[in-house]
Amino acid sequence: EVIFPVLLARYRDGDAESHYWLAQTMQSVLSARPLFEQLGYKTPVDLLKVAHAAEPDRSDFAKALLQHLLDEFHYLDHEWPAGILLPMDATGETYDALLADVALARALDVQGTYKNRLQEFESRVIEDHPDRPAKPIG
């Protein structure tokens, strides 16, 4: 009742720090659907992309975004080789956006800690891609 209204007001003003903290507290936000609605159903990755774009030198923003992307990738391919878990109506554009997220994660992984995992996930996305790009984007 105290923190969310302040974060929401600053979020609406485009404040990067508020985007970051809303992403970090998403479990609390999701526990009250009206709060999630007020954020326009933005995911932690959506929020962190905005925060990182606004302040690309903030290592805490970059680290959080990378971790959330990795978590998302894990969820999306946890049933592999059955396929990537995307909506039934996913299009080539959906897959292309996912490949763009892999490229973003690769750029955020400056030390190469997740290089092999990102390469594995990218290969799976390409294999599952309805338009089958000829080669990895990143």
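Helices here are DSSP runs of H or I with at least four residues, strands are runs of E with at least two, and both are numbered from the N terminus. This is a predicted model in which local features need pLDDT of at least 70 and side-chain atom pairs count only at pLDDT 80 or more, while totals for chains, interfaces and linings use all residues. Residues are numbered from 1 along each chain as its sequence is written, and side-chain values use heavy atoms, with hydrogens and water left out.

**View 1. The whole chain has eight helices and zero strands.** Starting at the N terminus, you can follow the elements as α-α-α-α-α-α-α-α. The C-alpha trace spans about 50 × 35 × 20 Å along its principal axes. Of the 138 residues, 35% are buried; buried means under 20% relative accessible area, exposed means over 50%, and partly exposed lies in between (1.4 Å probe, protein chains only). The chain exposes about 8,400 Å², and carbon and sulfur atoms supply 53% of that area. Accessible areas come from the Shrake-Rupley method with a 1.4 Å probe, and for residues only the protein chains shown count as cover. Among contacts (heavy atoms within 4.5 Å) with a separation of 6 or more, 57% are between residues 24 or more positions apart.

**View 2. The largest nonpolar core has 36 residues.** A nonpolar core is a set of buried Ala, Val, Leu, Ile, Met, Phe, Trp, Tyr and Cys residues joined through side-chain atoms within 4.5 Å. Leu22, Leu39, Phe73 and Phe121 have the most contacts inside this core. At least two core residues come from each of α1 (3–12), α2 (16–24), α3 (26–30), α5 (44–54), α6 (59–76), α7 (92–108) and α8 (115–128). The biggest giver is α6, with nine residues. In soluble globular proteins, nonpolar side chains tend to be buried together. Zoom in on Leu22 and, beyond its neighbours within four places in sequence, you will find contacts with Phe4, Leu7, Tyr11, Val29, Leu39 and Leu47.

**View 3. Arg117 sits in helix α8 and makes a side-chain polar contact with Asp77.** The two side chains come to 2.8 Å in this contact; a polar contact is a pair of N or O atoms within 3.5 Å, where within protein one must be able to donate a hydrogen and the other to accept it, and residues adjacent in sequence count only if both atoms are side-chain atoms. Arg117 also touches Phe73, His74 and Arg124, when residues up to four places away in sequence are not counted. His74 is 43 residues from Arg117 in sequence, yet their C-alpha atoms are 9.5 Å apart. Arg117 counts as partly exposed because its relative accessible area is 22%.

**View 4. Asp101 in helix α7 pairs with Lys49 through a polar contact of 2.6 Å between their side chains.** Asp101 has a relative accessible area of 11%, so this residue counts as buried. Leaving aside neighbours within four places in sequence, Asp101 is in contact with Lys49, Leu69, Glu72 and Phe73.

**View 5. Helix α2 holds both His19 and Trp21.** His19 counts as buried because its relative accessible area is 5%. Not counting residues up to four places away in sequence, His19 touches Tyr11, Gly14, Leu47, Val50 and Ala51. Trp21, at a relative accessible area of 40%, is therefore partly exposed. The side chain of Trp21 makes a polar contact of 2.9 Å with the side chain of Glu17. Pro44 is 23 residues from Trp21 along the chain, with 9.4 Å between their C-alpha atoms.

**View 6. Two loops carry backbone features to look for: a cis peptide bond between Trp80 and Pro81, and a positive phi at Tyr41.** Most residues other than glycine have a negative phi, and most peptide bonds are trans. The omega angle of the Trp80 to Pro81 bond is about 20°, and Pro81 lies in the loop between α6 and α7. Tyr41, with phi near 60°, belongs to the loop between α4 (33–38) and α5. The relative accessible area of Tyr41 is 40%, so this residue counts as partly exposed.

**View 7. Pro5 in helix α1 is separated from His129 by 41 Å, C-alpha to C-alpha.** Along the chain, Pro5 and His129 are 124 residues apart. Pro5 counts as partly exposed because its relative accessibility is 42%.
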